[in-house]
Amino acid sequence: AAVSLAGELMGFMTGFQAASMFDPITGANSSAIGVFLSLVAGVLLFSFEIHHILIAGLAQSFSVIPVTQGLELSDSLAAITAAINNMMKIGVQLAAPVMVIGFLGYCVFGIFNRMIPQLHVFFISLPISIGVGLIILGISLAGVITLIGQELEKNAILFGA
């Protein structure tokens with residue numbers, strides 16, 4: 001979910017939000033960057049063999065919480081809240097380079113719009129923001145993939161424990 005959120009944030013800041021496509025992982029429409037990052041996360045999940053940890057954790061969960069016994073609701077809500085908080089933090093960290101450059105670009109285009117009102121800034125800004133966003137994504141992609149792998153491994157180990 002964090003990777004999907006990061007892709008949506010990146011797509012929004014670069015102008016890809018209007019062109020949505022079907023994301024097979026989430027089962028909903030997402031931006032092209034979101035679909036790409038979700039597929040990268042799936043590949044990393046299997047290449048780091050994290051799926052073994054997840055399957056072992058799922059099997060061990062039946063010994064910790066038997067099927068016949070109920071689950072404490074207060075503990076579940078605290079865990080869900082912590083997981084959503086962690087997801088939001090990781091998603092914004094992954095999208096930060098593109099978001100910062102996109103925000104600065106939109107500030108510059110806003111200044112241009114005030115300085116030259118006859119200029120149709122939308123028609124000029126969209127191709128520039130797409131191009132600059134893709135360049136920044138390409139530059140930061142190695143760091144993004146490294147962070148995705150680290151977070152997948154860390155969260156899978158927590159799940160397995």
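In helix α2, the buried residues are Ile-33, Gly-34, Val-35, Leu-37, Ser-38, Val-40, Ala-41, Leu-44 and Leu-45. Buried means under 20% relative accessible area, exposed means over 50%, and partly exposed lies in between (1.4 Å probe, protein chains only). The model is predicted: local features need pLDDT of at least 70, side-chain atom pairs count only at pLDDT 80 or more, and totals for chains, interfaces and linings use all residues. Residues are numbered from 1 along each chain as its sequence is written, and side-chain values use heavy atoms, with hydrogens and water left out.

Helices (H or I, at least four residues) and strands (E, at least two) are DSSP runs, numbered from the N terminus. The expected span of a helix is 1.5 Å times one less than its number of residues. Helix α2 covers residues 32-47. Its 16 residues should therefore span 22 Å, and the end C-alpha atoms are indeed 22 Å apart. Just after α2, Glu-49 has a positive phi of about 55°.

Helix α1 (residues 2-14) also agrees with its expected span. Its 13 residues should cover 18 Å, and its end C-alpha atoms are 18 Å apart. Ten of the 13 residues of α1 are buried, so the helix is largely enclosed by the rest of the structure. Among them are Ala-2, Val-3, Met-10 and Met-13. Glu-8 and Thr-14 of α1 are buried too. Gly-15 follows α1 and has a positive phi, near 95°.

Strands β1 (residues 20-23) and β2 (residues 28-31) run antiparallel and are joined by four bridges. Two strands pair if DSSP finds at least two bridges between them. Asp-23 has Ala-28, in β2, as its bridge partner. The two strands, β1 and β2, form a hairpin with four residues between them. In the turn, Gly-27 has a positive phi of about 80°.

A nonpolar patch lies on the surface, with about 920 Å² of accessible area together. Its members are Val-100, Ile-101, Phe-103, Leu-104, Phe-122, Phe-123, Ile-124, Leu-126, Ile-128 and Val-132. The elements giving two or more residues to the patch are α4 (73-115) and α5 (121-160). The largest share, six residues, comes from α5. Patches are made of residues with over 30% relative accessible area and no salt bridge; like charges are joined within 9 Å, and nonpolar side chains (Val, Leu, Ile, Met, Phe, Trp, Tyr) within 5 Å. Accessible areas come from the Shrake-Rupley method with a 1.4 Å probe; for residues, only the protein chains shown count as cover. Val-100 lies in helix α4. Val-100 counts as partly exposed because its relative accessibility is 48%.

One aromatic pair is found in a search of the whole structure. Phe-122 and Phe-123 form this pair, which is edge-to-face, with 5.8 Å centre to centre and 70° between the planes. Rings of Phe, Tyr and Trp (its six-membered ring) pair if their centres lie within 6.5 Å; planes under 30 degrees apart count as stacked, over 60 as edge-to-face and the rest as tilted. Phe-122 is exposed, with a relative accessible area of 55%. Phe-123 is exposed at 62%.

The count of salt bridges comes to one. A salt bridge is a side-chain nitrogen of Lys or Arg within 4 Å of a carboxyl oxygen of Asp or Glu. Glu-151 pairs with Lys-154, the closest N and O atoms being 3.4 Å apart. These two residues are three apart in helix α5, so about one helical turn separates them. Glu-151 is buried at 12% relative accessible area, whereas Lys-154 is partly exposed at 41%.
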